[in-house]
Amino acid sequence: MSVTGLCQICERREAEYACHRCGAAVCSIHFETEQGVCVNCASAEGTEDVAGGAGDVPEFR
Ligand SMILES: [Zn+2]
Ligand SMILES: [Zn+2]
């Protein structure tokens with residue numbers, strides 16, 4: 001699977017992966033390789049990585 005274009009999250013880096021959930025093309029820093037999804041989907045999954053999160057998800061890194 002090849003992805004061309006810019007990351008749909010930061011729109012600055014070249015997209016290297018495609019989110020398995022929403023299909024967004026994202027760069028390496030906005031892709032959760034362990035889950036195979038973009039950071040937006042990873043955070044929407046309700047991962048338990050972030051303890052005490054109040055709902056707002058930081059867009060940066
Ligand atoms: Zn990005
Ligand atoms: Zn996604």
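In this predicted model, the largest nonpolar core is made up of 10 residues in all, namely Cys-7, Cys-19, Ala-24, Val-26, Cys-27, Phe-31, Val-37, Cys-38, Cys-41 and Ala-42. Two elements, strand S4 (37-38) and helix H1 (39-44), each give two or more residues to this core. Several of the core cysteines also serve as zinc donors: Cys-7 and Cys-27 bind the zinc ion (ligand 1), while Cys-19, Cys-38 and Cys-41 bind the zinc ion (ligand 2). In soluble globular proteins, nonpolar side chains tend to be buried together.

**Overall fold and surface**

- The protein chain holds one helix and four strands, and these elements follow the pattern β-β-β-β-α when read along the sequence.
- The protein chain has 61 residues, of which 28% count as buried.
- The accessible surface of the protein chain comes to about 4600 Å², and 44% of this area belongs to carbon and sulfur atoms.
- When contacts in the protein chain are counted between residues at least 6 apart in sequence, 9% of them join residues at least 24 apart.

**The zinc ion (ligand 1)**

- The protein donors of this ion are the SG atoms of Cys-7, Cys-10 and Cys-27 together with the ND1 atom of His-30, and they lie 2.0 to 2.3 Å from the zinc.
- The angles among the four donor atoms run from 99 to 117°, and the site of the zinc ion (ligand 1) is tetrahedral.
- Along the sequence, the donor residues of the zinc ion (ligand 1) are spaced C-x2-C-x16-C-x2-H.
- Because Cys-7 sits in the segment before strand S1 (17-18) and His-30 in the loop between strand S2 (25-26) and strand S3 (31-32), this pair ties together parts that are 23 residues apart in sequence.
- Both Cys-7 and His-30 are buried.
- Apart from its neighbours within four places in sequence, Cys-7 is in contact with Arg-13, Glu-14, Ala-15, Ala-25, Val-26, Cys-27 and His-30, and of these contact partners Val-26 and Cys-27 also belong to the largest nonpolar core.

**The zinc ion (ligand 2)**

- This ion is coordinated by the SG atoms of Cys-19, Cys-22, Cys-38 and Cys-41, at 2.2 to 2.3 Å.
- The arrangement around the zinc ion (ligand 2) is tetrahedral because its four donor atoms subtend angles of 105 to 116°.
- The donors of the zinc ion (ligand 2) follow the spacing C-x2-C-x15-C-x2-C along the chain.
- Two of these donors can be set side by side in terms of burial: Cys-19 has 5% relative accessibility and therefore counts as buried, whereas Cys-22 has 47% and therefore counts as partly exposed.
- Asn-40 lies in helix H1 and, at 37% relative accessibility, counts as partly exposed; Asn-40 and Cys-22 are 18 residues apart in sequence and 9.2 Å apart in space, C-alpha to C-alpha.

**The aromatic pair**

- The structure holds one aromatic pair, formed by Tyr-17 and Phe-31, whose rings are stacked at 4.5 Å centre to centre with 5° between the planes.
- Since Tyr-17 lies in strand S1 and Phe-31 in strand S3, the pair ties together parts that are 14 residues apart in sequence.
- Tyr-17 counts as partly exposed at 30% relative accessibility, whereas Phe-31 is buried, with a relative accessible area of 10%, and Phe-31 is also one of the residues of the largest nonpolar core.

Definitions and conventions
Residues numbered from 1 in each chain as written. Chains lettered and ligands numbered in written order. Predicted model: local features only at pLDDT ≥ 70, side-chain atom pairs only at ≥ 80, totals over all residues. Heavy atoms only, no water. Donors = N, O, S within 2.8 Å, 3.2 Å for Na, K, Ca; no water. Tetrahedral: all angles 85-135°; square planar, octahedral: opposite > 155°, others 65-115°. Buried < 20%, exposed > 50% of the residue type's maximum accessible area, 1.4 Å probe, protein only. Contact = heavy atoms within 4.5 Å. Areas by Shrake-Rupley, 256 points an atom, 1.4 Å probe, with all protein chains shown as cover. Core = buried A, V, L, I, M, F, W, Y, C linked by side-chain atoms within 4.5 Å. Phe/Tyr/Trp six-rings, centres within 6.5 Å; stacked < 30°, edge-to-face > 60°.
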